[in-house]
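Here is a short set of exercises with worked solutions. Keep the sequence and the 3D view open, and try each task before you read on.

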Amino acid sequence: MKKIFKVFVSVALLLVAMLTVTISNQTVYADTAYSARAALLMDYDTGEVLFSQNEADRLQIASMVKIMTLNLIFDEIDAGNLSIEDEISVSENASGMGGSQAFLDAGCNYKADELIKSIIVASANDSCVAMAEHIAGSVSGFVARMNDKAERLGMANTNFVNCTGLPAPNQYCCASDVATMFRELVGHKQFFDYSKIWMFDLVHPSGRITQLSNTNKLIRFYEGCDGGKTGFTTEALSCLAATARRGDTRLISVIIGAPDSKTRNKEVSAMLNEGFANYETRQYVFSQNSAGWANVNGGKEKTVECTPAEDYFVLTRKGEKRDVNIDFYYFTAAAPVRQGDVVGKATVTIDGEVIKEIDLIAKSGVEGREFKDILDEVIKAW
């Protein structure tokens, strides 16, 4: 009888271990079994991973490769090298892409705005290649930039071979890296100008019309979902990176290799549900807000207003109370002070432990005093 009891206890403990998932150094019990090859749930603002399954496995990710393609496109826009009004010439190579397409006409020009929209909404391979050739001169040159960007983002389990996600030898990524590059994309606010579009008509230069619809069905069927990137090939199976926001909390959910799109959407939704039910994000430092005034020696002004160099968020379990304090320290700066110069520090302390220091930067410049300024002061004081 004792032996039977020991066996029963051992089996019970094993089952508990199998169901246990570590989330932000806390233990919860997951009642969802994910059939996908890999899965990950991330808090957008802090980058904290709330759940992961096989997150570092190198896998095919199909059209989720386009997440990096879009990152480079928006980087070019932010740098002023590309406008959404620019005319993009479509080559024979671009128009001949297989898979998901916008059915672009070779030799014709399309506005960058339309091509970006077709990539985000309909995962158009031909539009990806047209944009890649326009930005880098060739697809190979663009792919080299994609891999450079991946390296800068710390994506150690990623290698891009094309800009579309069509099957290719030695092209791979992982759930953790997908979340990283999708978080970068979500940081481009212009992405949301397109990601929430359900359906649109692409009017070709000839007058021909192609109706395109969003491959991410969750924007209509999951509360708070406002963007994502799907993918499917026979090798990769069904994939999806999606983001949703409820209140102040934005989450990112990634599924790689689900057996079908219905399962993919269900499992992404399940992770988001678990995240929103158990966690919330609160912002404590605001980069747009004033953080006080720092003294300036030898300047035309005696003080300079400063702001935090970055925002700071804290993720907590719902119902959990954490002691968060933000302390500001100001330096005495020597004129001249340039806009953006570091003039202090903000120290974030959580539960008595210093977690982070954030630079306080000058909101404007302060010129140094000249002899004329000193003379004017003397005359005024006379």
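The exercises below go from the whole chain to single strands, residues and spaces.

Before you start, note that this is a predicted model, in which local features need pLDDT of at least 70 and side-chain atom pairs count only at pLDDT 80 or more, while totals for chains, interfaces and linings use all residues. Residues are numbered from 1 along each chain as its sequence is written, and side-chain values use heavy atoms, with hydrogens and water left out.

**Exercise 1. The whole chain**

Describe the chain by its secondary structure, burial, contacts and surface.

Step 1. Take the secondary structure, where helices (H or I, at least four residues) and strands (E, at least two) are DSSP runs numbered from the N terminus. The chain has 11 helices and 19 strands.

Step 2. Turn to burial, with buried meaning under 20% relative accessible area, exposed over 50%, and partly exposed in between (1.4 Å probe, protein chains only). Of the 382 residues of the chain, 47% are buried.

Step 3. Look at contacts, defined by heavy atoms within 4.5 Å. Among contacts with a separation of 6 or more, 61% are between residues 24 or more positions apart.

Step 4. Finish with the surface, using accessible areas from the Shrake-Rupley method with a 1.4 Å probe; for residues, only the protein chains shown count as cover. The chain exposes about 18900 Å², and carbon and sulfur atoms supply 51% of that area.

**Exercise 2. Strand E10 and its neighbours**

Find the strands that pair with E10 and work out how enclosed E10 is.

Step 1. Apply the pairing rule: two strands pair if DSSP finds at least two bridges between them. Strand E9 (residues 225–233) runs antiparallel to E10, with eight bridges joining them. Glycine 228 stands opposite alanine 242 in E10, and three residues lie between the two strands of this hairpin.

Step 2. Follow E10 to strand E11 (residues 249–258), with which E10 pairs in the antiparallel sense over eight bridges. Here alanine 241 has valine 254 of E11 as its bridge partner. Two residues separate the strands of this hairpin, where glycine 247 takes a positive phi near 65°.

Step 3. Check the surroundings. Seven of the 10 residues of E10 are buried, so E10 is largely enclosed by the rest of the structure.

Step 4. Inspect leucine 237, which is in strand E10 (residues 237–246). Its phi is near 65°, a positive value in a residue other than glycine. Leucine 237 is partly exposed, with a relative accessible area of 23%.

**Exercise 3. The six-stranded sheet**

Trace the open sheet that contains E16 and locate the cis peptide bond.

Step 1. Write down the order of the six strands: E16-E18-E19-E14-E13-E17, with mixed pairing. Strand E16 (324–330) and E17 are the edge strands, each pairing on one side only.

Step 2. Go to the pair E16 and E18, which run antiparallel and are joined by seven bridges. Aspartate 327 has threonine 347 in E18 as its bridge partner.

Step 3. Look at the loop between strand E17 (333–334) and strand E18 (342–350), where proline 336 is found. The peptide bond joining alanine 335 and proline 336 is cis, with omega about 0°.

**Exercise 4. A helix residue and a loop residue**

Is threonine 69 buried or exposed, and what is the phi of phenylalanine 103?

Step 1. Threonine 69 lies in helix H2 (residues 66–78) and is buried, with a relative accessible area of 0%. Not counting residues up to four places away in sequence, threonine 69 touches Cys128, Phe142, Met146 and Cys163.

Step 2. Phenylalanine 103 is found in the loop between helix H3 (92–95) and strand E6 (109–111). Phenylalanine 103 has a positive phi near 55° and is partly exposed, with a relative accessible area of 45%.

**Exercise 5. The E3–E4 hairpin**

Describe the pairing and the turn of this hairpin.

Step 1. Strand E3 (residues 38–43) and strand E4 (residues 49–53) run antiparallel and are joined by four bridges. Leucine 40 is partnered by serine 52 in E4.

Step 2. Five residues lie between the strands, and glycine 47 in the turn has a positive phi of about 80°.
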